[in-house]
Structure formats: C-alpha cells, structure tokens
Amino acid sequence: MSTELGPTPVKSPASGGTPIHHGPKGVGEDNKILSQGKWASWLLAPTIIALAVVIVYPIISALVMSFQKDAGLDPVTGLFTAGGPAGVQNYVNWLAQQCSAPGGGTVACPPGTLGAQFWSATATTFFFTVVTVTLETVLGFWMALIMARTFRGRSLVRAAVLVPWAIPTAVTAKLWLFIFAFEGIANKLFNTTILWTGSEWPAKWAVIIADVWKTTPFMALLILAGLQMIPAEVYEAAKVDGATTWQRFRMITLPLVKPALMVAVLFRTLDALRMFDLPYILTGGANNTTTLSILVINQIRQGFNAAAALSTITFIIIFLVAFIFVRFLGANVVEQSGATGKGKK
Amino acid sequence: MSAGTATTALRAQQDRGRKAAQNREKWAQGRTYISAVVVLIWCLAPAYWMVVTAFREVGFTYDTSILPTHVTLDNFNTAFDTSFGNRFGQALLNSIFIGVVVTLVSLLIGVFAAYALARLNFRFKYLVLGFILGASMFPGVALITPLFQLFTNIGWMGTYQALIIPNISFVLPLTVYTMTSFFREMPWELEESARVDGCTQGQAFRKVILPLAAPAIFTTAILAFISSWNEFLIASQLSSDATQPVTVAIASFAGAQPNQIPYTAIMAAGTIVTIPLVILVLVFQRKIVAGLTAGAVK
C-alpha cells in the first residue's frame, strides 16, 4: 500500500547505492572511498556519545550502587551502619519487604515505612497503567474516529485536543486539585460532597481522570494518523459489497489501524508505568496513590543505594513490559515503516 | 409476473433505499456534531476553568458560576509576588534558559544522527533506531538516583547544568526520532538536481536542502522545547530555589496561610505558563501533529 512512500526496513531507501556526499572538488575522491557506514558512524557519534553519558552511565552506576549498603545512621536504632558490598540484600529488602534490624539481620518492615510499600506501589502503578491506558485507548479511538470524519469545524476539534496535551503536567495536577477541591467545581457539578484527595478510591480516580484528560489527545492523534493511512477506496469497496458500519469497523478499520494503535498503546503504557508528576502533586502519594516512581524519589533521601536498587527494579519492570509488547503483541515500533500489512496476526 | 411490475417494484425499492440512506446520512452527521461538541467540552472545559479562576478575586476562589465573575488582574501580581517565598518570575526565566539550551544542544547533536538514519544505509541502523527510541521511553527515576549522588559529590546540586544534562537524555532521543521521520519524507532528489544544474555541494545544501528542512527542524525545536518546559521529576529533585523551573515553582507555590492553597494565584501562574505554549501549538498545529505522530505510523 504505502510501502513505496517511505523506506522499508529490509529494502534500501530509494537513494540506496548512490553516494550521498559529494565533497568539494579534490576531496571528492576521498569521500567516495568512505563508505556510507563510515559516514553514518561519524554522524551518529555525537548522539550515541551523548546518550551514553546521560543514560548508559547512570544505568550502570545505579546497578553498581544497588549492590552496595547504605552507610549512615540507621533510622530505627540510631546506630551508624557502615557501607560496603551488600550483595543482593537491597533487592531482597524491597521484594520481601524486609528492613534491616538492630544488631544485624532483617525484620519485616513496619507498616508505613517505605520498605513496606513496594508491592502496594507496584500494584498501584499497574492499576493506574491498566485503567488509564484502557480508558485512553477507548476514548482516544472514539475521538480519532470523530476527527477522521469530514464536517465543518473539524479543524477546531483537532486544535482543541492539543490543549490538554500542551499544558504541563505540573499545571494539570494543580488544576485538577482545584477542580477536585472540597468546595470545587467537580463536587458542585455532580452535587456530591466527596473529599477527593482524602481517601483511597476518590484519590485514585482523581489521578486517573486527570491523567486520562491530559493524555487521551496524544492517543487520539496517533490513532487518527493511523486511520488516515487507510485508503478511502477500501471503505467504498466494502460499502458496495454491502458491509454494515460495524462490519467495516471490525474488518477494515481495526486490522488496518492495529499497527499504529499498538504503538500508541505501547507508548502510553510505558509512560504510565513511570507516572510521577500527577500523583506526586495531586495527592502527594497519599491514600495508596504512591507509584513506583514516587517510592524511588521518597527513598533517595533515606539512602541512595536502596533507591538505586528500587529504580533498577522499576526499570526492569518497564523493560519487561516493553519486551512483551514488542515480542508477543506485535507492537513493531522500529520497523513500523511499511508494516501496514503486518496487522493481520 | 410481468416485466413492468417488476421494474416498478424495483424502482420503489430503490427510492425507499435512497431515502433511508439520506436519513442515515443526516442522522450520522448529527451524531458527529454532538460527539464533536462533547470532545470540545471535555478538552477545553478544565483549561477554561483555569483561566476563569485566574481572573477571579481571591475571596471568590470557590465561586462556581461558569461565566467569569469578580474579574480582577490581582492574581497575576500575586503570582509574581516573592514575599511568601515564591520565585515564579525567576522560575520563568530559568525554564526559558534551560529549555533553550536543551533544545539547541539536542538539535545540534541530533540533526546529524537524524540525517544519517534517514538518508544513509549502514549496518545496525535499526539497532541504533531502537536504542534511540528505547532511550526516549526510559524512566526518569532510573536516572535520578545515580545523578543525585554524582551531583552531590561534585557539588553540582542546584546548578543549571545539573538540570540541563538529564533533560538532554530524553529530549535528544525525541529530537532524533522526530527529525528522522521528517527527513525521510523530504524530496532529497532535489539535492541531486541542484548539483546537476551546477550548484556546488555547499550551494545545494544552503539553497535547496536547508529551506526544505527548516520547517522540520523548527517543529522539532518546538516539541523539544515543550518537553523540556514540562519536565518536573528531575527538576523537583536536583534544582535549588534559584534554579527551579516553573513546573517546580507551581507545584510548591505557597500562599499567605500555610494551610490554604492559593488557587487563584496558582491558576494565574498556570495560565502564564500555558498560554504561550497553547498559542505556539495552535499556530503550528499541523506541523506539530505531524511531528508527534511521525514515528508511530511511518
């Protein structure tokens, strides 16, 4: 279909084979000898080096730190603990919710401490992710279908969906905090007297609603872009053959938009798994709205190395989810070019 | 059955069909408009509420009339007021400074990588693309712990570079990825044509490629600036009062009474932070949507 427009992963781009760079006369000969690979490595070097410094170095550094003991005063006993190698103790502490006990050894972390919150934070993070991404996908699809139709004022709608996207999350959080205030507009409109940030479920829903508001537009635009790749003739043909609206949606729209949809869902899922700003500002992580990212941030000032272990766990979780998406659900991000036909399976 | 009655029956059926189709069409159009209005309200109402509150007198913070009431500009003065320890004005300058530096550095480094990824053939191309895309999905918390320790050790806590460097880690991949998609769609044959027509390499680049690439680079710059402008996690941990960006300033905005959140002033600050972005986004709407969705479908 559209494979001819963009470069496909397997075939060489249209320009393939011809040398791209013709240097000024004289050095032109030398440039021809340089392979494209050599050119590419020179051009890519700054980006790769920069990313190595700002991403790869911290990953390795965090990994090293996570196997070290935190030196400092024990918050429970007030005694000084020396640093040094810790083996996998930091990981065990998080996963088994064990805290170091006075006089060595470990005990179950007392409720309320950060150490006791790992599994609840994980559950909260996944709960937020599943609920927000599901809602965003459904709402985003609906918005995309509307924006794909032709009607007067369509450009107005397309512009309006960019507004929530453009507002910084920190501002979004404060705005919804105000909307959900006890005397705020939400309680007034729905004639309720809910202390939204005061107990578990209202607090969770406050975060979910704010997140869905903020990020559905992104989802809608990605899906819309996918919809616009479907040629109109396919629909015309189906109409002639007597397919109903529902049949057309199920047999044409869904399979053809699937590659774009999967990428959008993948992006949003990975983004939701690292959710921080919204719950941090909206609820402060209270009432079981502490996500893994918030837990890491809260831990940093109590001990770098334990925090490093937790951030590594978070990273591994996100990596695994991404892997599952790409491997089993067919979200083919990198080779998306010309992959419209892959949506069949 | 005679042929005549069959034709009449067929015609009647066709007429009915056409009418039903027209009705369906009208009904569908009506539903589209209703849905469109719902989408408009859903997207704009909360933002509208922020702006309305920003212009409302403090005493009427919780006034819930939908239309603007008790209109005042005082909140904008309060937003910039430093007597309660808020440094919103300084934070605005910080955000602009950090955003500009991050954007420029990312573009300067990223444009070469994007060119290579869009134009050249080499081994490991998709590995590199995958690495860059993976980098953009990288969780900020995984960076913060080692950086927190490193910057504490070398005395960089609260400095601008401590905020700029981590920002580059997620703005640069975004920049490369967006520009690569844009570059792939550029009519590069024109470069060859210009050369055939007697342009030098430099002229072909300056007169043909640069004007073509400018919109792509500009759009990428806007997206890069916005993502730097919106960053909160890293700044909330690594900035000081003097270097904090607007997101941190708004999140920690204090009022006269410690137990009362100064919502009207916060909404005013939020409006100031948001309006330039919204204008920018609306003016370059088409390009920005293309940039946002570039990687996903093409």
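Let's start with salt bridges between chain A and chain B: across that interface, the rule finds zero. Keep in mind that this is a predicted model. What the two chains do have between them is eight residue pairs in polar contact, with both residues at pLDDT 80 or more.

So much for the polar side; here is the interface as a whole. Chain A and chain B bury about 9,000 Å² between them, and 77% of that area is on carbon and sulfur atoms. In terms of residues, 100 from chain A are in contact with 96 from chain B. Which element gives the most to the side of chain A that touches chain B? That is helix 2 of chain A, residues 36-66, with 20 residues. By class, this side of chain A has 70 nonpolar residues, alongside 20 polar and 10 charged ones.

If you search the whole structure for salt bridges, you get five over all chains. One of them is in chain A, where Glu200(A) pairs with Lys204(A), and the closest N and O atoms are 2.9 Å apart. Both partners lie in helix 9 of chain A, four residues apart, which is about one turn of the helix.

Now, on to the empty space, friends. How many cavities of 30 Å³ or more are there? The count comes to three. The largest cavity has a volume of about 1,300 Å³, and 41 residues line it. Nearest its centre you will find Asp271(A) and Arg274(A) from chain A, with Ser136(B), Phe170(B) and Ser227(B) from chain B.

Several helices give two or more residues to this lining, among them helix 9 (200-227) and helix 11 (245-273) of chain A, and helix 4 (125-136) and helix 8 (201-229) of chain B. Helix 9 of chain A is an old acquaintance by now, as the helix that holds Glu200(A) and Lys204(A). The most comes from helix 6 of chain B, which gives five residues to the lining of the largest cavity. As for its chemistry, the lining divides into 24 nonpolar, 10 polar and seven charged residues.

Last stop, the largest pocket, which holds about 1,300 Å³ of space. Of its 26 lining residues, the closest to the centre are Arg149(A), Tyr235(A), Lys239(A), Thr245(A) and Arg248(A). Which helix supplies the largest share of that lining? Helix 1 of chain B does, with eight residues. From chain A, helix 4 (118-148), helix 5 (154-160), helix 10 (232-240) and helix 11 each supply at least two. Helix 11 of chain A also turned up among the elements lining the largest cavity.

By class, the pocket lining has 11 nonpolar, six polar and nine charged residues. For anyone setting the two linings side by side, the largest cavity has seven charged residues in its lining. Thanks, everyone, and I'm happy to take questions.

Definitions and conventions
Residues numbered from 1 in each chain as written. Chains lettered and ligands numbered in written order. Predicted model: local features only at pLDDT ≥ 70, side-chain atom pairs only at ≥ 80, totals over all residues. Heavy atoms only, no water. 1 Å grid on protein atoms, 1.4 Å probe; cavity = no way out; pocket = protein on both sides within 12 Å on 5 of 7 lines; lining within 4 Å. Points joined across faces, edges and corners; volume = space filled by probe spheres on them. Nonpolar A, V, L, I, M, F, W, Y, C, P; charged D, E, K, R; others polar. Contact = heavy atoms within 4.5 Å. Buried area = accessible area lost by both parts, 1.4 Å probe. Salt bridge = Lys/Arg side-chain N within 4 Å of Asp/Glu carboxyl O. Polar contact = N/O pair within 3.5 Å; in protein donor to acceptor, adjacent residues only side chain to side chain.
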